[in-house]
Structures are given as C-alpha cells and as structure tokens.
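Here is a short briefing on one protein model. Keep the structure in view as you read.

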Amino acid sequence: HRKFFTILALAALCAFAALPGAAAAAYDYSYVRVVRLSLVEGDVQVARPDQQGWETAVVNLPIQQGYTVATNSGRAEIEFESGATARLAENSTLEFTELAQADGNRITRLTLTQGTATFYANLASQDSFVVSTTDLKASILSNARFRMDVTASIAAVNVLKGEVQVDSRA
C-alpha cells in the first residue's frame, strides 16, 4: 500500500505542478486588449502600426496597442473595456502606447502628442492608467477625471475629479 500511495502522491504533485498556479501567474503578460472608438464626429483619422498612412475612422473601430487616433476638424471618444473613456477635442492626436494585461490587471499607457483630451477611469485593484506628453506624465490613482492640454509650448493638466499624480519629465 505504501508504494501505491507514493505513486499517487507523485502523480498528484505532477498534476498540481502542471496547473497554472501562482508561479505561472507571475509571467501572465498579454497584449490582447482591444478598445473601441465609440464616437466619431467630423474628420477623424486612424493610423495602424502595420500600415502606412491614415484611414478614416468609423464608430466601433477596434483600437489596439500601437494605433494613433487624430481628430482634425472632428471629435472622438474611445471606450475601454473597463468603462474608462478618452475624449479627444478637435486637432488632437492620441497614441495607444501600451494596452496590456498582467496578472489580470489592465495596463493603459497613452501619449497625447497635441491637442486637448479628457480622460476618465475608475480603476480596479492594481490597474494602471497613465497619459504622457513630452513634458508631463499623469497617472490616475483610483477614480478620476482630468483634462490634458498640449500645445507646442505647454502641457497642462486640470484635475476635474479624484486624484491624479502628475510628474514632470523635464
């Protein structure tokens, strides 16, 4: 009987080790997130990292990491799967620098290169939502809404609700 229990114990240990557990979760990093363009008004363009040039944006267009959305004489809203939103005013350009998931937590890194955008997020657990410019980096800490303005000479952040950590890159 001892040999049987030893074999059974070894089999159980092997089966347990093969299951995705805490050790495997430490390496759970994915770029499978896709968000959507929920509003398009006027002239809005999208650039994809695997294609040259710009294409006309349409409502419900899936946006992935590496995409850029530009509003010329238009406006756009991007809706994230968590309910977060990014609203772009006219003459604004937003790059989707990183849309990833690590250990079940969403990582959102955006770059506003020009114009005006308003961001809202109500983060869960260890989610990360960061918007950068050439001069500033704004991070939502939990539940917040803020506006960011970027021109050739300045970058400014106006917190409308909640807490936003702003760091200078200078």
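A strand here is a DSSP run marked E with at least two residues, and strands are numbered from the N terminus. By that naming, Ser139 sits in strand β12. The model is a predicted one. The protein has two helices and 13 strands.

**The protein overall**
- Of the protein's 170 residues, 38% count as buried.
- The exposed surface comes to about 9800 Å². Carbon and sulfur atoms supply 53% of that surface.
- Take the contacts between residues at least 6 apart in sequence: 48% of them join residues at least 24 apart.

**The largest nonpolar core**
- This core holds 33 residues. Val69, Ile78, Phe80, Leu94, Phe96, Phe119 and Phe129 touch the most other members.
- Several strands give two or more residues to the core, among them β2 (35-41), β7 (75-79), β9 (92-102), β10 (105-122) and β11 (128-132).
- The top contributor is β12, which gives six residues.
- Phe129 has contacts well beyond its sequence neighbours within four places, including Phe80, Leu110, Phe119, Ala138 and Ser139.

**Ser139**
- Ser139 counts as buried because its relative accessibility is 12%, and the cut-off for buried is under 20%.
- Leaving aside neighbours within four places in sequence, Ser139 is in contact with Phe129, Val130, Glu163, Val164 and Gln165.
- Glu163 is 24 residues from Ser139 along the chain, yet their C-alpha atoms are separated by 8.7 Å.

**Arg33**
- Where is Arg33 found? Its place is the loop between β1 (29-30) and β2.
- Is Arg33 buried or exposed? Arg33 counts as buried, because its relative accessibility is 4%.
- The side chain of Arg33 makes a polar contact of 2.6 Å with the side chain of Glu81. Another polar contact, at 3.0 Å, links the side chains of Arg33 and Thr108.
- Beyond residues up to four places away in sequence, Arg33 also touches others, including Gln64, Phe80, Leu99, Arg106 and Ile107.

**Asp127**
- Asp127 lies in the loop between β10 and β11.
- With a relative accessible area of 12%, Asp127 is buried.
- Its side chain reaches the backbone nitrogen of Arg106 at 2.9 Å.
- Not counting residues up to four places away in sequence, Asp127 touches Asn105 and Arg106.

**The cavity**
- Rolling a probe the size of a water molecule over the atoms shows where empty space is left.
- How many cavities of 30 Å³ or more are there? The count is one.
- The largest cavity contains about 50 Å³ of space.
- Arg33 and Asp127 both help line this cavity. The rest of the lining is Ser82, Ala84, Arg106, Thr108, Ala121, Leu123, Ser128 and Phe129.
- Two elements, β10 and β11, give two or more residues to the lining. The largest share comes from β10, with three residues.

**Links to trace on screen**
- Phe129 belongs to the largest nonpolar core and also lines the largest cavity.
- Thr108 has a side-chain polar contact with Arg33, and Thr108 is in contact with Phe129 as well.
- Arg106 is touched by Arg33 and by Asp127.

Methods
Residues are numbered from 1 along each chain as its sequence is written. This is a predicted model: local features need pLDDT of at least 70, side-chain atom pairs count only at pLDDT 80 or more; totals for chains, interfaces and linings use all residues. Side-chain values use heavy atoms; hydrogens and water are left out. Helices (H or I, at least four residues) and strands (E, at least two) are DSSP runs, numbered from the N terminus. Buried means under 20% relative accessible area, exposed over 50%, partly exposed in between (1.4 Å probe, protein chains only). Contact means heavy atoms within 4.5 Å. Accessible areas come from the Shrake-Rupley method with a 1.4 Å probe; for residues, only the protein chains shown count as cover. A nonpolar core is a set of buried Ala, Val, Leu, Ile, Met, Phe, Trp, Tyr and Cys residues joined through side-chain atoms within 4.5 Å. A polar contact is a pair of N or O atoms within 3.5 Å; within protein, one must be able to donate a hydrogen and the other to accept it, and residues adjacent in sequence count only if both atoms are side-chain atoms. On a 1 Å grid over the protein atoms alone, a cavity is a set of points where a 1.4 Å probe fits but cannot get out, and a pocket is an open set with protein on both sides within 12 Å along at least five of seven lines; lining residues have an atom within 4 Å of a point. Grid points are joined across faces, edges and corners, and a volume is the space filled by probe spheres set on the points.
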